[in-house]
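Here's a walk through one chain, from its overall build down to a few backbone oddities. Have the coordinates open as you read.

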Amino acid sequence: MAWSFQKLIATTAACLAVLGHSAAAEQIVVATTGGAYEKALREAWFDPFTAQTGIEVVTVAATNAEMRAKAAAMVKTGNVSWDLYLQGEIQAASEQHLLYAENLSEFCKGFSTHTDLDPDACNATGVRLLSNSTLLAFRSDAFAGATPRTWADVWDVQKFPGGRSFPDFNDPWRVMAAALLADGVSPEELFPLDIDRALTKLEQIRPAVALWWKTGDQSMQGFRNGEYVIAQIWLTRAKALKSEGLPIAWSHAASFLVGDRIALIKNAPHRENALKLAEYWLNTPAAQAKVCEALSCKPPSGAAIKLMSPQARADMPSTTDPQNTPVTPDAKWINANAAVLLERWNAWIQQ
């Protein structure tokens, strides 16, 4: 009896170990920027995917700069625990990106005939999640008359008094570009960026800057707390604030078009599951529409755009309105000069 009981215990333990290993394998680890962005992805994409496949989507939060550093360290040491991670369109276009991210050219061949998708919705660097913009956002209750519309307006602290906020997350091109546009440079002549001129212009606004934010959540919290009334933030975060009921508005006339991709890290532990998640995104316009309904982004599928409400379509970045078309940054120049940009920025911001 004792032997049989011990045998039963041992057998049960072995079965549980096998089941536990199997359950652990049926997951994906995705690095996101957290907050409202991750919430939208969770509700529209991750959870429906899990409901359909049984594959759990586990998330970790980090800034884009932290993701790049962590992905590089994981691949170099051979200790990879992530599967997918977010990258901005510009960084994904860099030569360094494919040192740590798997080339998805072969995977993307399966979507080459999907005419409903943007031509570059899937390419070697990753899968396009959305197109978004970094723009001028403001509290609409802070101004009785005219509201700020251009970067020059942001610098006009007499006409538009109150605190300002700009990003400081190791990607300074957008702050410098805004300063140059405020100084009268035309969008057509913006790149290559005149770094000296940009920093000189930024000196004028420095006393009004209440926060140099490092994460999307930080950029939102300052608006909630009343620390500033005008900020350069992501449209996705501005829309999230508006959805909370805050009097937040924005100007597409002062914006830069940016995009996010989801990249597959080399030697991902759950590679096949990760590709299933990417495939689900590209094949599910309803998921794309729900995310961009919440975040005012442009999805990679035309069918998804049709599923969005008229208001959400009006809020998303425009590529056809000449008065509100975002400036498209020169990704090649930014990547080629990233080290110099960051060195000059860090020397200035730390003064």
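A quick definition before anything else: a residue is called exposed when its relative accessible area is over 50%, buried when that value is under 20%, and partly exposed in between. Asparagine 267 comes out at 61% relative accessibility, so it counts as exposed. Bear in mind that this is a predicted model.

**Overall build**

The chain holds 17 helices and 9 strands. Its radius of gyration is 23 Å, which agrees with the value near 20 Å for a compact globule of 351 residues. Along the principal axes, the C-alpha atoms fill a box of roughly 90 × 45 × 45 Å. Buried residues account for 52% of the 351. As for contacts with a separation of 6 or more, 70% of them join residues 24 or more positions apart.

On the outside, the accessible surface is about 15800 Å², with 55% of it belonging to carbon and sulfur atoms. The chain carries 31 positive and 36 negative charges, and the mean positions of the two sets are 2 Å apart.

**Two cores**

In soluble globular proteins, nonpolar side chains tend to be buried together. Here the largest nonpolar core has 59 residues, and the members touching the most others are Ile28, Tyr85, Phe107, Val127, Leu277 and Leu282. Another core, of 41 residues, lies apart from it and includes Ile90, Val154, Leu180 and Leu190.

What does valine 127 contact, leaving aside neighbours within four places in sequence? The list runs to Leu104, Phe107, Ala121, Cys122, Asp260, Arg261, Ile262, Ala278, Trp281 and Leu282.

**Two enclosed helices**

Helix 8 (residues 173-182) has 10 of its 10 residues buried, so it is largely enclosed by the rest of the structure. Its buried set includes Arg174 alongside Trp173 and Leu180. Helix 11 (residues 235-243) is largely enclosed too, because 7 of its 9 residues are buried. Among those buried residues are Arg237 and Lys239, together with Leu235 and Leu241.

Each of these helices is followed by a glycine with a positive phi: glycine 184 after helix 8, and glycine 245 just after helix 11.

**The loop after helix 8**

Phenylalanine 191 sits in the loop between helix 8 and helix 9 (195-205). Is phenylalanine 191 buried or exposed? Its relative accessible area is 17%, and being under the 20% cut-off makes it buried. Not counting residues up to four places away in sequence, phenylalanine 191 touches Trp173, Pro329, Asp330, Trp333 and Ile334. Trp333 is 142 residues away along the chain, yet the two C-alpha atoms are separated by 7.7 Å.

The same loop between helix 8 and helix 9 also holds proline 192. The peptide bond leading from phenylalanine 191 to proline 192 is cis, with omega near 0°.

**Positive phi values**

Most residues other than glycine have a negative phi, and most peptide bonds are trans. Two asparagines go against the phi trend, and they're tabulated with the two glycines from above.

| Residue | Phi | Place |
|---|---|---|
| Asparagine 170 | about 65° | loop between strand 6 (164-167) and helix 8 |
| Asparagine 267 | near 60° | loop between strand 9 (248-264) and helix 12 (271-283) |
| Glycine 184 | near 100° | following helix 8 |
| Glycine 245 | about 105° | just after helix 11 |

Asparagine 170 is partly exposed, at a relative accessible area of 40%, while asparagine 267 is exposed.

Key
Residues numbered from 1 in each chain as written. Predicted model: local features only at pLDDT ≥ 70, side-chain atom pairs only at ≥ 80, totals over all residues. Heavy atoms only, no water. Helix = DSSP H or I, 4+ residues; strand = E, 2+ residues; numbered from the N terminus. Rg over C-alpha atoms; globule rule 2.2 N^0.38 Å. Buried < 20%, exposed > 50% of the residue type's maximum accessible area, 1.4 Å probe, protein only. Contact = heavy atoms within 4.5 Å. Areas by Shrake-Rupley, 256 points an atom, 1.4 Å probe, with all protein chains shown as cover. Lys, Arg positive; Asp, Glu negative; His and termini not counted. Charge placed at Lys NZ, Arg CZ, Asp CG, Glu CD. Core = buried A, V, L, I, M, F, W, Y, C linked by side-chain atoms within 4.5 Å.
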